[in-house]
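Here are a few short exercises to work through with the model open beside you. Try each one before you read its solution.

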Amino acid sequence: MAQIDLDKVLDKAWADKDLPAVLDAPVSALKGVSDRQGALLEEAFGIKTVADLANLKYARWAQALAALAPAGK
C-alpha cells in the first residue's frame, strides 16, 4: 500500500481533507502549484482537478519512461 505525507504535498487548507475531496480539488491544492499555474494547466490540457493531473497521459508516459532509466539517472 502506498503512503504519502500529505503535509508535504498539499497546501495547508487541504491537508486535513479526505482522499476523494483532494482528488476533486483544484491542482492548486498541491503544494507549490499556484492558482495561475492551475489556470495554465487547464488552458493547455483541460486539467481542473488533482485527479485530472494524475490521469494526464503525458505525465503517465513521462513516468513510464523515467521508470525505464537505469538507477541514478
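**Exercise 1.** Work out whether Tyr 58 counts as buried, partly exposed or exposed in this predicted model.

*Solution.* Start with the number: Tyr 58 has a relative accessibility of 41%. Next, bring in the cut-offs: buried means under 20%, exposed means over 50%, and partly exposed is what lies in between. Since 41% falls between those two limits, Tyr 58 counts as partly exposed. To place it on the chain, look in helix α5, which covers residues 57-68.

**Exercise 2.** Find the residues that make a nonpolar surface patch with Tyr 58, and give the patch's area.

*Solution.* Take the partners first: Phe 45 and Trp 61 join Tyr 58 in the patch. Then the area: it comes to about 350 Å².

**Exercise 3.** Describe the largest pocket: its volume, its lining and the helices that supply it.

*Solution.* Begin with the space, which is about 360 Å³. Now go to the walls: 15 residues line the pocket, and those nearest its centre are Ile 4, Leu 6, Leu 19, Val 22 and Leu 23. Sort the lining by type and you get 12 nonpolar, 1 polar and 2 charged residues. Finally, trace the helices: α1 (6-9), α2 (19-24) and α4 (50-54) each give at least two lining residues.

**Exercise 4.** Sum up the overall build of the protein: elements, span and share of buried residues.

*Solution.* Count the elements: 5 helices and 0 strands. Next, the extent: the C-alpha trace spans about 40 × 30 × 20 Å along its principal axes. Last, burial: of the 73 residues, 16% are buried.

Terms used:
Residues numbered from 1 in each chain as written. Predicted model: local features only at pLDDT ≥ 70, side-chain atom pairs only at ≥ 80, totals over all residues. Heavy atoms only, no water. 1 Å grid on protein atoms, 1.4 Å probe; cavity = no way out; pocket = protein on both sides within 12 Å on 5 of 7 lines; lining within 4 Å. Points joined across faces, edges and corners; volume = space filled by probe spheres on them. Helix = DSSP H or I, 4+ residues; strand = E, 2+ residues; numbered from the N terminus. Nonpolar A, V, L, I, M, F, W, Y, C, P; charged D, E, K, R; others polar. Patch = residues over 30% accessible without salt bridge, like charges linked within 9 Å, V, L, I, M, F, W, Y side chains within 5 Å. Areas by Shrake-Rupley, 256 points an atom, 1.4 Å probe, with all protein chains shown as cover. Salt bridge = Lys/Arg side-chain N within 4 Å of Asp/Glu carboxyl O. Buried < 20%, exposed > 50% of the residue type's maximum accessible area, 1.4 Å probe, protein only.
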